[in-house]
Amino acid sequence: MTEKKKRSIFGRLQRTPKWKKEEFTELEYEPTSVKELLTEMKDISELIIDLAYSAVLFDSDEIAEEVKFLDVRMDKLNYDIRMMAMMAARTKEDSEQLAGILQIAEAAESISNAAGDIANLLSLKIKTRPIIPKILKKADESLFRIEVSPKSKACNQKIGVLKVESETGMRIIAIRRGDCWIYNPRSDTILKEHDWLIVRGNDEGCIDLNKFLKGELRVLE
Amino acid sequence: MKEKNAEEIVLEIKDKSELMVDLAYSSVLYDNKIIAKEVYDLEDVVDALYRKLQRKSLEDVKNGKHSIDDALILLRIARAGEQIADAAQEIADVELRDVELHPIIKMSIREADVVFTKIKVEPQSILCGKTLGQLKLASETGMMVIAMRHKDRWLYGPNKNTKIDPEDILFAKGPEDGEKHLIELGAGLSNQI
């Protein structure tokens with residue numbers, strides 16, 4: 001390691017990334033219902049693919065970090081669901097049915113691993129990346145970045161009230177507010193001016209949403 | 001037919017693998033073996049595409065069409081897509097086994113953020129006789145049609161030229177409030193898209 005590089009890493013106060021904290025927390029047995037675990041795993045497995053592609057498309061280390069965090073979280077969930085399933089099995093029929101649940105959980109976990117691999121592409125040299133947007137922009141449903149203008153009616157409104165997804169088909173997968181990020185916002189998440197939204201959907205929906213967030217369109221319908 | 005270039009193959013793998021995940025989850029939700037079998041078939045398609053891409057990207061590098069780095073990125077994205085496709089197949093495999101599904105599986109998929117729904121298009125519905133492109137269902141209701149049944153025929157990942165006929169069964173995914181809207185449209189209770 002060169003002297004210069006050493007100095008930039010060592011002897012400096014560094015924040016532990018969220019995924020690392022999660023990885024080194026002790027696995028403790030917490031009784032959670034198998035249903036809750038499986039629901040969370042399914043949600044993550046869908047969100048994480050979009051986040052991983054967004055990370056490489058928009059060249060964002062922060063989103064890649066979140067992908068890593070979710071990937072580690074998924075490992076923990078998979079561990080928990082195995083324990084819970086084993087405790088629930090009493091008969092041969094039980095275990096046959098529970099084996100199905102575990103198989104779905106395992107599949108959700110492999111999806112998150114694949115997403116982790118995609119996000120890892122970010123660690124490659126910058127000049128090789130222009131090919132990624134070239135591929136991803138042509139997909140059926142693509143990812144877009146839109147800013148909320150102060151003129152838009154969306155400011156200080158809940159996502160659920162605006163019905164962004166059911167009116168435009170655009171799913172908000174992350175919001176950037178200043179230095180902070182909100183991943184997988186809920187219907188009670190409030191949009192603020194100058195938020196950057198990362199959304200997934202088709203071109204038509206994107207045009208509508210873009211007009212609305214710029215303030216050119218007063219209502220979504 | 002013009003041979004696809006490497007980028008197009010990668011894109012096809014990406015789109016197919018995501019469709020497979022949706023189909024796999026809906027196959028277990030609706031206990032539907034036909035959809036699960038389709039996931040199996042699509043997995044073969046994705047495998048074949050991946051093999052084709054491997055050869056294609058090597059050729060491209062040799063002909064100087066792509067740099068080694070570009071080809072590597074293409075292969076890595078495609079491999080991730082292929083892994084996602086494998087995972088979807090695993091999910092479909094649960095449905096195809098001769099074991100009754102645990103009720104929890106359905107409950108978890110129903111309660112998730114994105115819901116799957118199945119609707120029948122009634123003859124009086126305004127969806128009849130129109131193409132998906134005309135209806136703009138995805139951008140107007142948020143519900144994306146991932147599969148449909150037309151009499152005995154199945155269609156997976158329909159495009160904007162796909163026409164909806166009376167008695168068709170649509171499988172769609174989207175937000176909860178979009179689901180209600182789509183159900184009303186299909187039943188002919190609402191004419192407002």
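What follows is a short exchange about chain B of this predicted model.

Reader: How do you know that strands β2 and β3 of chain B pair?

Author: Pairing asks for at least two bridges between the strands, and four bridges join β2(B), residues 144-150, to β3(B), so the two count as a pair. Within β3(B), W154(B) is the bridge partner of R149(B), and the two strands run antiparallel.

Reader: What makes β1 and β3 of chain B edge strands?

Author: Each of them, β1(B) at 115-120 and β3(B) at 153-156, pairs on one side only, as befits the order β1-β4-β2-β3 of this open, antiparallel sheet of four strands. From one strand to the next, the twist averages 15°.

Reader: Which strands do the helices α1 and α7 of chain B lie across?

Author: Helix α1(B) lies across β1, β2, β3 and β4 of chain B and runs at about 60° to β2(B), whereas α7(B) lies across β1 and β4, running at about 5° to β1(B). Angles are taken between N-to-C directions on a scale from 0 to 180 degrees, so the value of about 5° means that α7(B) and β1(B) point nearly the same way.

Reader: How many residues of chain B are in contact with chain A, and what kinds are they?

Author: Contact requires C-beta atoms within 7 Å, and 46 residues of chain B are in contact with 41 residues of chain A. Among the elements that give two or more residues to this side of chain B are α1 (6-29) and α7 (176-187), while α3(B) provides the largest share, 14 residues. By kind, the side of chain B that touches chain A divides into 21 nonpolar, nine polar and 16 charged residues.

Key
Residues numbered from 1 in each chain as written. Chains lettered and ligands numbered in written order. Predicted model: local features only at pLDDT ≥ 70, side-chain atom pairs only at ≥ 80, totals over all residues. Contact = placed C-beta atoms within 7 Å. Nonpolar A, V, L, I, M, F, W, Y, C, P; charged D, E, K, R; others polar.
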